[in-house]
Every structure is written in structure tokens, then in C-alpha cells.
Protein chains: 2
Amino acid sequence: MVTRAEQRERTRRTLVAESRRLFAAKGYAAVGLAEIVRESGVTKGALYHHFEGKADLFRAVLEQVQQEVAARVVAAAEAAGDPWGRFKAGCAAFVTAGADPEIQRIMLIDGPAVLGWNDWRAMDEDASAEHLAEALADLVANGTIPDQPIAPLTRLLSGAMNEAALWLAQTATPGDLTATLAALSRLLESLRAPF
Amino acid sequence: MVTRAEQRERTRRTLVAESRRLFAAKGYAAVGLAEIVRESGVTKGALYHHFEGKADLFRAVLEQVQQEVAARVVAAAEAAGDPWGRFKAGCAAFVTAGADPEIQRIMLIDGPAVLGWNDWRAMDEDASAEHLAEALADLVANGTIPDQPIAPLTRLLSGAMNEAALWLAQTATPGDLTATLAALSRLLESLRAPF
DNA sequence: TCCTTTCACATACCAGCGGTATGCGACGGT
DNA sequence: ACCGTCGCATACCGCTGGTATGTGAAAGGA
């Protein structure tokens with residue numbers, strides 16, 4: 001016998017997982033609720049019992065994707081030694097994670113359009129941009145990069161990496177990944193305070 | 001008496017202008033064709049006589065917006081003297097132009113989601129990224145910035161400026177514009193070859 | 001154990017959307 | 001003056017996201 005809590009959780013996870021598959025493969029607008037509930041083995045009643053609507057379901061999917069990417073970035077950063085190495089490793093991990101076209105479609109293409117840029121930005125802030133700002137603040141504090149306002153710099157770097165990830169998602173040539181990472185590395189290095 | 005060519009052109013311009021207004025104000029998904037043709041004083045028959053559908057109409061709007069932004073960037077760049085000054089002036093002009101929320105909604109939020117990232121990227125390439133790449137190539141050629149592949153660098157800078165523009169579109173505080181432009185200026189200066 | 005309440009979901013239905021097929025009157029070449 | 005063509009208007013359709021209501025099984029008290 002399955003408890004109601006178990007069943008509830010199971011249904012919700014299935015809906016998120018299946019809609020994530022479909023959103024990633026075909027894009028938000030091209031996926032219908034009918035298709036989602038069919039693939040999930042439930043009905044629209046179940047969907048609307050768990051979520052407020054299609055956009056709310058997408059929000060749950062986006063949250064999951066962002067958490068996974070953030071986890072990969074943190075893991076890569078912690079593997080490196082000094083602060084500057086952790087910073088660069090984290091940036092490279094983010095861009096590499098974004099190389100997956102399905103992640104990008106959800107995180108960077110449909111995300112802002114579906115939820116609105118404000119909501120999307122708030123979620124991105126919690127998931128990744130906050131870590132980036134923290135890392136930059138540390139690097140400013142210990143003099144690795146020159147003293148300057150970190151908020152606008154965070155946005156510039158975040159945008160640069162988002163765009164880099166988007167590009168990588170579209171190109172099949174593996175050489176582009178290394179070329180882009182090299183360019184990013186040069187850009188980051190140029191920020192470093194000259195000794 | 002109006003010729004057919006005049007009338008045709010007039011109807012088309014009205015459709016583009018009105019849908020641009022609505023897309024900018026409410027977003028692509030929230031605007032219906034019924035509303036567009038009502039505000040334009042025509043019917044859906046006219047719309048589908050001029051465009052293949054809603055997305056095609058949006059494409060025409062995006063093209064117009066991009067051309068306007070590109071014109072502002074070129075004008076600002078030509079006003080400056082030396083190559084480095086033209087480069088920085090152009091970048092600043094792009095970010096400033098993007099501060100208009102209505103331009104951003106069309107160019108950066110809905111654009112990729114509606115047309116797909118590939119098509120959007122191709123249009124952006126023609127409208128602005130090409131100029132950016134050209135400017136960077138010149139700066140590399142005359143030794144202002146160190147020799148390096150310009151394609152990935154172009155993407156990074158393009159993404160950084162897009163994000164900066166998006167941010168500015170949401171904040172009402174005018175100080176953010178100068179702060180962001182300052183951060184961008186520092187970033188660009190750090191690219192410069194040390195003498 | 002039995003009865004009742006609650007909850008997780010199914011069923012049936014709807015307004016409105018983008019899109020299409022067809023009709024029609026005026027312009028424009030001959 | 002004629003008639004083909006062009007620029008739209010009208011009427012209509014399938015399908016979509018969303019909602020109102022029904023239903024059977026688990027949870028809880030006696």
C-alpha cells in the first residue's frame with residue numbers, strides 16, 4: 001500500500017521530469033499540456049492539482065535545472081585550491097554545463113520569456129549569480145582584482161558566460177568549447193590586478 | 001487617390017508599428033492577433049496577406065528595432081575620433097539604447113524564444129555583432145588589444161552588453177546607467193594591451 | 001470496525017487563440 | 001470599357017490552456 005504523501009510526491013516528480021524532457025526537446029511553446037499529461041500517465045486534473053498552470057510547472061522545472069547547474073559549479077570550484085583558481089574553475093564549469101542544449105533552452109531561452117525577466121533574474125540570482133558575486137567580492141577583498149563595485153561587474157560576467165554557453169549549445173564542433181573557455185580565461189585574467 | 005502600392009505599404013507599416021507597440025508593452029505571448037488588427041484598423045485577412053503568421057510579424061518588428069539600435073551605435077561610434085574611442089563609444093551607445101525596456105523586451109527577451117536562438121543569433125549577427133567583430137579585428141590589427149581569436153571574444157562582450165542592457169531596462173534608478181557604463185569601461189580597458 | 005472526511009486525481013467542458021478558405025470590390029494595364 | 005489581379009474582409013475551424021465538478025480510495029476518530 002502506498003500512502004497518499006508517497007503517491008503525491010511520485011506524481012509531482014513524474015510531471016516535472018516528463019515536462020522537463022519535453023520542454024528541453026521542443027521548447028516551451030511547442031509542448032502542450034495534453035502531451036505532458038499523456039507522457040506522465042496522468043490527466044490535466046493532476047497537473048492542475050499540483051501546479052497553478054503551465055508556467056508554474058515550467059518554473060519548477062527551471063528550479064531543478066538551475067540547482068543541478070549550481071551544484072556542478074560549486075563542485076568544480078571546491079576542487080580547485082586558491083580563490084582565484086576556484087573562481088576560474090567555477091566559471092569554466094558553468095559554461096561547460098551550459099553546453100548542453102537542453103539545459104540552455106530551459107535556462108536561458110525560454111526562462112526569461114516565460115516567467116518574465118524579473119522573475120527569471122531573481123531565480124538566477126539565488127542559483128548562481130549570488131555565488132559569482134561572492135567570489136568576486138572575496139577576490140576584491142584580498143586584492144586579486146582591483147577594487148571596484150562588484151554588482152555591475154557580476155552582471156557583465158554573468159551575461160558573458162550565458163552567451164558563451166548559448167553559443168556552445170548550438171555548435172557541434174568540440175573545438176569551440178576549448179576556444180571559448182580560452183577566451184573566457186583571457187578575459188578573466190585581464191581583470192586581475194597587475195603586480 | 002491612393003495607388004495600390006502606397007496603400008499596401010501603409011497597411012504594412014501600420015501593422016508593424018502597432019504590433020511593435022503591443023509586443024513591447026505586454027510581451028509577445030500576451031498579445032493576440034485580434035488585438036493587433038483591431039489597433040491597426042484592419043482585419044486578420046490583411047495581416048495574413050502581408051505576413052506568414054504571428055512569428056513572421058514579430059520578425060519584421062525585431063528587424064526594425066535592431067536596425068534602429070544599430071544606427072544609434074554606428075552614429076555614436078563615428079562621432080568619436082580614434083579606433084579605441086569609437087569602439088568604446090559604440091559599446092556604450094548599445095548599452096544605453098538597450099536601457100529602453102520596450103526595446104529590450106523585443107530584442108533580448110522574446111526574440112530568442114519566439115524565433116529560436118539560431119534565427120535570432122543570425123539576425124543579431126547582421127545587425128550588431130558583425131560591427132563589434134569588425135571593430136575588435138581592427139583593434140587587434142593595430143595592436144591596441146593583444147592578438148587573439150576575435151570570434152569568442154565577440155560573443156563574450158556581446159553577451160556582457162546584452163545582460164547589462166537587460167539590467168538597466170528593469171531599474172528605474174538613473175545612477176545604475178553610469179555605474180554599469182563605468183564597469184563596462186573598466187572591462188574594456190582591461191582588454192587593452194599593456195604598454 | 002465502521003463511518004465520515006479529506007484528498008489526489010479523473011472527466012467533461014469552455015472561451016479564445018492562431019490559422020485558413022473563400023468572397024469581394026477597387027485598382028490598373030490593355 | 002473590359003477584365004484580371006491585387007488587397008483586403010468575412011466566416012469558420014481545430015486546438016490550446018484553463019476550469020468546474022465528479023469520484024474513489026486513504027486517513028482519522030468512535
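Of the 21 residues around DNA strand C, those that come nearest are Thr11(A), Thr43(A), Gly45(A), Thr3(B) and Gly53(B). In this predicted model, two or more residues of the surface near DNA strand C are given by each of helix H1 (4-26) and H3 of chain A, together with helix H2 (33-40) and H3 of chain B. Around DNA strand D there are likewise 21 residues, and here Thr3(A), Gly32(A), Gly53(A), Thr43(B) and Gly45(B) come nearest. At least two residues each of the surface near DNA strand D are supplied by helix H2 (33-40) and helix H3 (44-50) of chain A, and by helix H1 (4-26) and helix H3 (44-50) of chain B.

The residue classes of these surfaces, and of the side of chain B that touches chain A, are set out below.

| Surface | Nonpolar | Polar | Charged |
|---|---|---|---|
| Near DNA strand C | six residues | nine residues | six residues |
| Near DNA strand D | six residues | nine residues | six residues |
| Side of chain B that touches chain A | 17 residues | eight residues | four residues |

The contact between the two chains takes 29 residues from chain A and 29 residues from chain B. On the side of chain B that touches chain A, helix H6 (101-115), helix H7 (117-141), helix H8 (150-170) and helix H9 (175-191) of chain B each supply at least two residues, and H8(B) gives the most, with 13 residues.

A turn of 180° with a shift of 0.0 Å along the axis lays chain B on chain A with an RMSD of 0.1 Å, which is the relation of a two-fold axis. The same surface serves both copies, in that 100% of the contact residues of chain B recur in chain A.

Within chain A, helix H7 (residues 117-141) spans only 31 Å between its end C-alpha atoms, whereas a straight helix of 25 residues would span 36 Å at 1.5 Å a residue. H7(A) also bends by about 60° at Glu125(A). The buried residues of H7(A) include Trp117(A), Trp120(A), Arg121(A) and Asp124(A), and further along Ala127(A), Ser128(A), Leu132(A), Ala135(A), Leu136(A) and Leu139(A). These buried residues pack against helix H4 (54-79), helix H5 (83-98), helix H6 (101-115) and helix H8 (150-170) of chain A, and also against H6 and H8 of chain B. Just after H7(A), Gly143(A) takes a positive phi of about 80°.

Notes. Residues are numbered from 1 along each chain as its sequence is written. Chains are lettered from A and ligands numbered from 1 in the order in which they are written. This is a predicted model: local features need pLDDT of at least 70, side-chain atom pairs count only at pLDDT 80 or more; totals for chains, interfaces and linings use all residues. A residue is near a molecule or strand if its C-beta atom, placed from the backbone, lies within 6 Å of it. Helices (H or I, at least four residues) and strands (E, at least two) are DSSP runs, numbered from the N terminus. Ala, Val, Leu, Ile, Met, Phe, Trp, Tyr, Cys and Pro count as nonpolar, Asp, Glu, Lys and Arg as charged, and the others, Gly among them, as polar. Two residues are in contact if their C-beta atoms, placed from the backbone, lie within 7 Å. Copies are superposed by least squares on the C-alpha atoms of residues with pLDDT of at least 70 in both. The expected span of a helix is 1.5 Å times one less than its number of residues. The bend at a residue is the angle between axes fitted to the seven residues ending there and the seven starting there. A residue is buried if 20 or more other C-beta atoms lie within 10 Å of its own, exposed if 12 or fewer, and partly exposed in between; C-beta atoms are placed from the backbone.
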